[in-house]
Amino acid sequence: MAFGKRDPIAHSHNFQPSDTSNSQAEPDVQLVSDSTQPLKKAVTAKISGSNSTANDQGGQSEGPEQFDRLQNLKVKIFADLIKVVDLTQFVNENRESVEEIIGDAIAELLVANGYDIRSDEERELLIRDICYDVLGFGPLEPLLERQDIADIMVNGPDKVYIETKGQIELTGIKFRDAAQLMNICQRIVSAVGRRVDDANPICDARLADGSRVNVIAPPLSLDGASLTIRKFSSDKLQLPDLVKFGSVTEEGRILLEVLSECRSNVLISGGTGSGKTTLLNCLTDYIQPGERVITCEDAAELQLKNPHVVRLETRPPNLEGAGAITMRDLVKNCLRMRPERIIVGEVRGPEAFDLLQAMNTGHDGSMGTVHANSPREAVSRLENMIAMGGYNLPISAVREQIAGSVNVIVQAERLRDGSRKITNISEVMGMEGDVITLQELLVFKVTGETPDGKLIGEHELSLNRPQFSEKARYFGLESKLNSIYR
């Protein structure tokens, strides 16, 4: 009775039933082997000999709808389950075997205690959901297994939204109560050594597959914990996929390939959910296998296929407020690790200055992302982030540093119809007076709209050859560039 292929979650002891009269902390479950027959017999014997004091409780649910009735049943069945099943005996078992044992135990409890189960479908649904509660992420498990979902947004226990095909929609999934939602949030963040509680109500984390997680808990979130999961597809997208989706043209794909292969310093700009990280992942496909790449991220989510990659992640402070490792600490340390390329998942603070210095001192091909609405705004954002570091530099010196470090700015955007496009590829040409000059190489322009609300547009390629043509020639890529600049 295996309901999913997800890895077991460490620190699952945070789950507790909402029926506090029977609450009992669930022990850590880390499942790895498959000698389950003695355990199965012991569980069956214990259920058979237990005192069934909950007879007919399930039939007394007062909820008028099936959902409410099943939710009440799940609370009662879970309370009975932890009385008869010692979860510590599953420490060395694999997940599928434990799901089978727990499923059999729940099935026997349903019969022994005479719960009001009205169909085989309800029976299977109860068993599946309780296994999800014990071993996984509860009501979120079915959503995490779907490959067509890009984002999962939980606004308290009663509202779960998803983004699919660029559109946000409300699901019918609900948590039993605020306590169950909070316990699942704690389970997620504790798996990567972080915590979320009243003293530390904001936390960034990741799932085992690299999906990005943000939790903000009460008292900051007034309607219960807010959980946001940015899911990553198990199949990593590549630039040809972006062409197929209409995010960029074939000429734009070739331009981006040459940018990465000839080791241009690239800054990817865009708003939240515009596809910056996806595009950054695509560009890393063209890094040569022999290059040493070091990545720095707040929550590790980049999916590089390169063989020589060192992945670094920031660390929040401990309970005493000490031990924090910031993005700037990681970027500065990168310079001592003999990198050929440095990739910063998101540039958002004073580390911008250290990244620009790295780009300008022999680490060609470095990349990063920044939140901005246009290439010009991305330049201004870099200026502001450098100022945040307390550097007492004249603005002209800061701009010269940017102009000498960044070669190309790629703008990604999520349009109002939910589609994601590369709307601009701009080359940094240098300085004219105190102003950084940009040259547009590729621009997306909206030309209309279909009756069903889909935007129509086209990418226009500039006739001006890029300034990095000399670098392309040096790396033997001139013919590829000439295929689009005839």
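How many cavities of 30 Å³ or more does the structure hold? In this predicted model, there is one such cavity. The volume of the largest cavity is about 40 Å³. Its lining is formed by Leu267, Val347, Ala352, Leu355, Leu356, Met359, Leu382 and Val406. Helix H11, which covers residues 351-359, provides the largest share of this lining, with four residues. Sorted by class, the lining of the largest cavity comprises eight nonpolar residues, and neither polar nor charged residues are found there.

The overall make-up of the chain was examined next. The chain contains 15 helices and 15 strands. Of its 486 residues, 50% count as buried. Among contacts in the chain with a separation of 6 or more, 60% are accounted for by residues 24 or more positions apart. The area exposed by the chain is about 22000 Å², of which carbon and sulfur atoms supply 48%.

Pockets were considered alongside the cavity. The second largest pocket holds about 490 Å³ of space. This pocket is lined by 19 residues, and those closest to its centre are Arg194, Thr314, Arg315, Pro316 and Pro317. Strand E4, made up of residues 202-206, gives the most to the lining of the second largest pocket, namely three residues. By class, the lining of this pocket includes eight nonpolar, five polar and six charged residues.

Two helices were compared with their expected spans. Helix H4 runs over residues 120-135 and has 16 residues, which should span 22 Å at 1.5 Å a residue. The C-alpha atoms at the ends of H4 are 22 Å apart, so the span of the helix agrees with the expected value. Within H4, the buried residues are Glu122, Leu126, Ile127, Asp129, Ile130, Cys131, Tyr132, Asp133, Val134 and Leu135. Helix H8 extends over residues 250-261 and has 12 residues. From its first C-alpha to its last, H8 reaches 17 Å, which is close to the 16 Å expected at 1.5 Å a residue. Helix H8 is mostly covered, with 10 of its 12 residues buried. These buried residues are Gly252, Arg253, Ile254, Leu255, Leu256, Glu257, Val258, Leu259, Ser260 and Glu261. Arg263, which follows H8, has a positive phi near 60°.

Backbone angles were also examined in the loops. Lys165 has a positive phi of about 55°, although this residue is not a glycine. The loop that holds Lys165 lies between strand E2 (160-164) and strand E3 (167-170). The relative accessible area of Lys165 is 76%, and the residue therefore counts as exposed, the cut-off being over 50%. Arg338, likewise a residue other than glycine, has a positive phi near 55°. Arg338 is placed in the loop between helix H10 (327-334) and strand E10 (341-344). With a relative accessibility of 57%, Arg338 counts as exposed.

Strand E2 also contains Tyr161. At a relative accessible area of 24%, Tyr161 is partly exposed, because this value falls between the limits of 20% for buried and 50% for exposed residues. When neighbours within four places in sequence are left aside, Tyr161 is in contact with Asp151, Ile152, Met153, Asn155, Ile168, Glu169 and Leu170. Tyr161 and Gly172 are separated by 11 residues in sequence, and their C-alpha atoms are 8.9 Å apart in space.

A further feature of the backbone concerns a pair of prolines. Pro218 and Pro219 are joined by a cis peptide bond, with omega of about 10°. Pro219 is located in the loop between strand E5 (212-216) and strand E6 (226-230). Both Pro218 and Pro219 are touched by Asp198, not counting residues up to four places away in sequence. Asp198 itself belongs to another part of the chain, in the loop between helix H6 (178-190) and E4. Although Asp198 and Pro219 are 21 residues apart in sequence, they are 6.9 Å apart in space, C-alpha to C-alpha. Asp198 has a relative accessibility of 65% and thus counts as exposed.

Conventions: Residues numbered from 1 in each chain as written. Predicted model: local features only at pLDDT ≥ 70, side-chain atom pairs only at ≥ 80, totals over all residues. Heavy atoms only, no water. 1 Å grid on protein atoms, 1.4 Å probe; cavity = no way out; pocket = protein on both sides within 12 Å on 5 of 7 lines; lining within 4 Å. Points joined across faces, edges and corners; volume = space filled by probe spheres on them. Helix = DSSP H or I, 4+ residues; strand = E, 2+ residues; numbered from the N terminus. Nonpolar A, V, L, I, M, F, W, Y, C, P; charged D, E, K, R; others polar. Expected span 1.5 Å × (residues − 1). Buried < 20%, exposed > 50% of the residue type's maximum accessible area, 1.4 Å probe, protein only. Contact = heavy atoms within 4.5 Å. Areas by Shrake-Rupley, 256 points an atom, 1.4 Å probe, with all protein chains shown as cover.
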